[in-house]
Amino acid sequence: MTPYAHPPIPFEPAARDFPGWTMPPSVPQGMRMELSRARLLDSRESSFDDWMTMLHERYDECLATLGRELMALEATFLNQEADGSWWMYHFQLMGNDSPGLVPDNPLDQAHLEYGKKTKHPGWEELQPRFFLCPPAVRAAVEDAGSAGASGASGA
């Protein structure tokens, strides 16, 4: 029995063909904003830490993938829920035409392998409702998420 008095939180990932939520009008035209969460496999918190360490150590390689993925920004969080389970949350803002993670390089292959051994398959998708940032940041976000953005080749 867990030391917490809360029932287990169910993990119900979105279907693989989930088209995504409709974007609120505050999200820049041609962009998608996503907040996804996944439950970690039992006792895999240290694997999650190793995964994040790997990404930090290979930060420049991570940056090089953003252009071709049309990613304006990404952020990952870890949280222990009331039932004692550990969940990762991933926020991303990207162009509508983003292919997502493209595992044709050693970094993204390692990224996928950590995911397989650390978290349950799939993601729950939280519904976006509002986006706000200063005009200069918004312009940079729109540029990063467009196919014509400089550096979009990921090279």
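**Notebook: helix 3, cores, rings, a pocket and two odd phi values**

Started with Q109, which is partly exposed because its relative accessible area is 42%. For the record, I am working from a predicted model. Q109 sits in helix 3. I listed its contacts, skipping neighbours within four places in sequence, and got P103 and D104.

Stayed in helix 3 for E113. At a relative accessible area of 45%, E113 is partly exposed too. I also checked E113 against A38: the two are 75 residues apart in sequence, and their C-alpha atoms are 15 Å apart in space.

**Cores**

Next I looked up the largest nonpolar core, which has 14 residues. Which of its members touch the most others? I noted F48, W51, M52, M54, L55, M88 and L107. Three elements each supply at least two residues of this core: helix 1 (45-57), strand 3 (86-95) and helix 3 (106-118). Helix 1 gives the most, with five residues. My general reminder here is that nonpolar side chains in soluble globular proteins tend to be buried together.

I picked L107 for a closer look. Leaving out neighbours within four places in sequence, L107 is in contact with M54, L55, R58, E61, C62 and T65. Apart from the largest core lies another one, of eight residues, including M23, M33, L93 and C133.

**Aromatic rings**

Then I went through the rings. A pair of aromatic rings is described by the distance between the centres and the angle between the planes. How many aromatic pairs are there? I count four. In F18 and W21 the ring centres are 5.7 Å apart and the planes stand at 75°, so I logged the pair as edge-to-face. F18 is partly exposed, because its relative accessibility is 33%. W21 comes out at 32% relative accessibility, so it is also partly exposed.

F48 and W51 make another edge-to-face pair, because their planes are at 75°, with the centres 6.2 Å apart. Buried or exposed, I asked of F48? F48 is buried, at 4% relative accessibility. W51 is at 4% relative accessibility and is buried as well, since the cut-off is under 20%. These two are three residues apart in helix 1, so about one helical turn separates them. Ring pairs join F48 and W51 with Y114 into a cluster.

**Second largest pocket**

I looked up the second largest pocket and wrote down a volume of about 160 Å³. Its lining has 14 residues. Which of them lie nearest the centre? They are R39, D42, G84, S85 and W86. Sorted by class, the lining has five nonpolar, five polar and four charged residues.

**Positive phi**

Last, I checked backbone angles. Most residues other than glycine have a negative phi. S43 is not a glycine, yet its phi is positive, at about 60°. S43 is in the loop between strand 1 (31-39) and helix 1. Its relative accessible area is 62%, so S43 is exposed.

L70 is another non-glycine residue with a positive phi, near 55°. Where is L70? I found L70 in the loop between helix 2 (59-66) and strand 2 (71-80). L70 is buried, because its relative accessible area is 7%. My closing note on the two loop residues: S43 is exposed, whereas L70 is buried.

Methods. Residues are numbered from 1 along each chain as its sequence is written. This is a predicted model: local features need pLDDT of at least 70, side-chain atom pairs count only at pLDDT 80 or more; totals for chains, interfaces and linings use all residues. Side-chain values use heavy atoms; hydrogens and water are left out. On a 1 Å grid over the protein atoms alone, a cavity is a set of points where a 1.4 Å probe fits but cannot get out, and a pocket is an open set with protein on both sides within 12 Å along at least five of seven lines; lining residues have an atom within 4 Å of a point. Grid points are joined across faces, edges and corners, and a volume is the space filled by probe spheres set on the points. Ala, Val, Leu, Ile, Met, Phe, Trp, Tyr, Cys and Pro count as nonpolar, Asp, Glu, Lys and Arg as charged, and the others, Gly among them, as polar. A nonpolar core is a set of buried Ala, Val, Leu, Ile, Met, Phe, Trp, Tyr and Cys residues joined through side-chain atoms within 4.5 Å. Buried means under 20% relative accessible area, exposed over 50%, partly exposed in between (1.4 Å probe, protein chains only). Helices (H or I, at least four residues) and strands (E, at least two) are DSSP runs, numbered from the N terminus. Contact means heavy atoms within 4.5 Å. Rings of Phe, Tyr and Trp (its six-membered ring) pair if their centres lie within 6.5 Å; planes under 30 degrees apart count as stacked, over 60 as edge-to-face and the rest as tilted.
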